[in-house]
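Hi,

Here is the structure I promised to pass on to you. Please have a look at it first, and then read my notes underneath.

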Amino acid sequence: MNRNDIELFILTNEPVFALDGKEYSVCCPEAGSFSTWDSDGNTQDYPSFDALLDEWFVGGKPFREVAPTLMKNSSYSLL
């Protein structure tokens, strides 16, 4: 899964997912920016999709590394 596939998935679905007992969510509230939330109550805003991929850490890894596995691997569940 490449960068464009991940971006399209995020923009189309605004997913909520669970990883290691914690829930995460990402949305695109306005063109070009992204907001995230987790079940610990943390929220973050990112000015671009690349910033989201590189600066949002999910399960201790940048989202860029987690996203392809998340969308392909059944051990990660989309809620």
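**Aromatic residues**

F17, Y24, W56 and F63 form one aromatic cluster. Before going further, please keep in mind that this is a predicted model. Across the structure there are six aromatic pairs. In one of them, the ring centres of W56 and F63 lie 4.8 Å apart with their planes at 40°, so this pair is classed as tilted. Both W56 and F63 are buried.

**The nonpolar core**

Those two residues come up again in the largest nonpolar core, which has 20 residues. Which of its members touch the most others? They are L52, W56, V58 and F63.

As for where the core comes from, the elements that contribute two or more residues to it are α1 (3–13), β1 (16–19), β2 (22–30), α2 (49–55) and α3 (63–72). Helix α3 gives the largest share, with five residues.

L52 is a good place to centre your view. Leaving aside residues up to four places away in sequence, L52 is in contact with V26, F34, T36, Y46 and F63.

**Salt bridges**

The count of salt bridges comes to six. Five residues, R3, E7, D50, D54 and R64, are linked in a network of these bridges. Here are three of the pairs, one by one.

- R3 and E7: their side chains meet in a salt bridge with an N to O distance of 2.9 Å. Both residues sit in helix α1, four residues apart, which is about one turn of the helix. R3 counts as partly exposed because its relative accessibility is 30%.
- D50 and R64: the N to O distance in this salt bridge is 3.3 Å. The pair links distant parts of the chain, with D50 in helix α2 and R64 in helix α3, 14 residues apart. Relative accessibility is 33% for D50, so D50 is classed as partly exposed. R64 is likewise partly exposed, at 34%.
- D54 and R64: this salt bridge has an N to O distance of 2.7 Å. D54 belongs to helix α2 and R64 to helix α3, so the bridge ties together parts that are 10 residues apart in sequence. D54 has a relative accessibility of 39% and therefore counts as partly exposed.

R64 is thus a residue to click on when you look at α2 and α3, as it meets D50 and also D54.

**Cysteines**

How many disulfides does a search of the whole structure find? The answer is zero. You may wonder why C27 is not bonded to the closest cysteine, C28. The sulfur of C27 is 7.5 Å from the sulfur of C28, which is too far for a bond; the cut-off for a disulfide is 2.5 Å between the sulfur atoms. Seen from the other side, C28 is in no disulfide either, and its nearest cysteine sulfur is that of C27.

Are these two cysteines buried or exposed? C27 is partly exposed, because its relative accessible area is 25%. C28 is buried, because its relative accessible area is 18%, and the limit for buried is under 20%.

If you open the model, I would start with the aromatic cluster of F17, Y24, W56 and F63, go on to L52 and its contacts, and then turn to the network of R3, E7, D50, D54 and R64.

Happy viewing, and best wishes

Key:
Residues are numbered from 1 along each chain as its sequence is written. This is a predicted model: local features need pLDDT of at least 70, side-chain atom pairs count only at pLDDT 80 or more; totals for chains, interfaces and linings use all residues. Side-chain values use heavy atoms; hydrogens and water are left out. A nonpolar core is a set of buried Ala, Val, Leu, Ile, Met, Phe, Trp, Tyr and Cys residues joined through side-chain atoms within 4.5 Å. Buried means under 20% relative accessible area, exposed over 50%, partly exposed in between (1.4 Å probe, protein chains only). Contact means heavy atoms within 4.5 Å. A salt bridge is a side-chain nitrogen of Lys or Arg within 4 Å of a carboxyl oxygen of Asp or Glu. Rings of Phe, Tyr and Trp (its six-membered ring) pair if their centres lie within 6.5 Å; planes under 30 degrees apart count as stacked, over 60 as edge-to-face and the rest as tilted.
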